[in-house]
Amino acid sequence: MTQVLNMTWSSTFTNTLRVTLTLVLLLSTSLPLRAELLIRITEGAASALPIAIVPFAESGAIPPGDTLANIVQSDLTMSSEFRTLSAEKMLSLPSQRSEVHFRDWRLLGQRYVLVGQLARQGDRLEARYELFDVNREERILGESAGAPLGNMRTLAHYVSDRVYEAITGDPGAFSTQLAYITRENVGDKVRYRLQVSDIDGKRSRVRLESAEPILSPAWSPDGSRLAYVSFETGKPAIYVHELASGKRTKIADFRGLNSAPAWSPDGKSLLMTLSKDGNADIYRMDLASRDLTKLTDHWAIETEATFSAGGDEIFFTSDRSGGPQIYRQKGKGEPRRITFGSRYNARPRPDNKGEFVYYVHQSSNGFHIARTNLKSGEETVLTRTESDESPSVSPNGRMLIYATRQGGASVLTVISADGGAAYSLPATEGDVREPAWGPLPR
């Protein structure tokens, strides 16, 4: 334990091992909205596809607020793969195929155009929408979808997902959620809050509040639970939190360190770092039986383990080579080091296709987010900010979120998986950190 606390690694690694955590207040799922994130587009992608999201024709008493088309436009812009056209520049505002004049859209340089109608039917919203390939002059998507009256954002995120998939072939991730930690000074005290929001920072809700740091939120594969670390018993313990009911279950409270929970793809077990035998090693816990399987047994610090998409391998951080590096291991087999381009590489996060692993990488001018191609071993540094940490990959593998410093505050930044574009999500109050990207809805 002393060895763990005396390490001089960067905050990315030491925060994972931190054991000075004291939770003082648990809030239920009925808490009011708190500190939504703001969207700031910081960099666009030159290769983005031009698409026009035409304002939907509306009928009935539609609730005020952001329109469906505006939300879809924001979603697609945030993906960095699309460049949207403002309504002021459109030559017409069609709502169905018979009103679409492809020549006009070609003159405006558009590759795709989305049109539709939105109607209120009692206590529901119903949308009909069509997506056209302008060059081919053909419809590539035509559907209807609905949602309860107060769920405009849910409906719009769904439409965004369908448009994204029709064009790219991969599922959209706009209906997913983010978990993150906010830190705010309240008088002479500091408050830490575990929050859950849409991926654009809207509809945030506090799930947990504390006078001390909250660490390592991790989503279950079905999106119904979060695992995290608390110190409410006087020492670090891992809890599983059911979001619908607010029920919490303490699942690891061993002597020493209990940290860095990560779910298996089937949701039946958790990886975690434990030091109950004297050193920090990786264990796998079966959640039904609470049986533990020790996966590493080494004098070095082994932590931040996560499963591959298929669940047959784990990636983790170890200092067995003299400094933190990323290792890859099958079962209880011999670990294989996969990072070599820096003296510090930590917090691995593989994508959903088994192509890349993302991590925090130290260079001469700070800490950045990098990725390694798992077939070729080629490393690419993706970010240019100087104090980046906590990467989390979108469930479709096309985007990445991480925490960084901006204007003296901690903010979340989303980039495309190749680092080509970015938008930031600063909190309206305080700092925001430790992001975890939730799974695709089931």
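**Figure 1. Strands β25 and β26 side by side.** Strand β25, which covers residues 366-373, pairs with β26 in the antiparallel sense, and three bridges link the two. One spot to look for is Thr372, whose bridge partner in β26 is Glu379. Keep in mind that this is a predicted model.

**Figure 2. The open sheet around that pair.** Step back a little and you'll find four strands forming an open sheet, with antiparallel pairing and the order β23-β24-β25-β26. The edges belong to β23 (345-350) and β26 (379-381), each of which pairs on one side only. Going from one strand to the next, the twist averages 30°.

**Figure 3. Arg347 in edge strand β23.** Zoom in on β23 and you'll come across Arg347, which lies in this strand. Its backbone is worth a look: phi is positive, about 55°, although Arg347 is not a glycine. Is the residue buried or exposed? Arg347 has a relative accessibility of 6%, so it counts as buried, the cut-off being under 20%.

**Figure 4. Ser216 in strand β11.** Here we move to β11, made up of residues 215-219, where Ser216 is found. Ser216 is not a glycine, yet it has a positive phi, near 55°. With a relative accessible area of 6%, Ser216 is buried.

**Figure 5. Lys276 in the loop between β16 and β17.** This loop runs between β16 (269-274) and β17 (281-286), and Lys276 is found in it. Which residues does Lys276 touch, leaving out those up to four places away in sequence? The contacts are Phe254, Arg255, Tyr283 and Leu292. Leu257 is another residue to find in this view: its C-alpha is 6.9 Å from that of Lys276, with the two positions 19 residues apart in sequence numbering. Lys276 counts as partly exposed because its relative accessibility is 23%, and that class takes in values between the buried limit of 20% and the exposed limit of 50%.

**Figure 6. The whole protein, for orientation.** To place the close-ups, here's the full model, with five helices and 31 strands. Of the 442 residues, 55% are buried. Take the contacts between residues at least 6 apart in sequence: 48% of them join residues at least 24 apart. The protein exposes about 18,100 Å², and 46% of that area comes from carbon and sulfur atoms.

Methods: Residues are numbered from 1 along each chain as its sequence is written. This is a predicted model: local features need pLDDT of at least 70, side-chain atom pairs count only at pLDDT 80 or more; totals for chains, interfaces and linings use all residues. Side-chain values use heavy atoms; hydrogens and water are left out. Two strands pair if DSSP finds at least two bridges between them. Axes are lines fitted to C-alpha atoms, for helices over the stretch in contact, and angles run from 0 to 180 degrees between N-to-C directions. Buried means under 20% relative accessible area, exposed over 50%, partly exposed in between (1.4 Å probe, protein chains only). Contact means heavy atoms within 4.5 Å. Accessible areas come from the Shrake-Rupley method with a 1.4 Å probe; for residues, only the protein chains shown count as cover.
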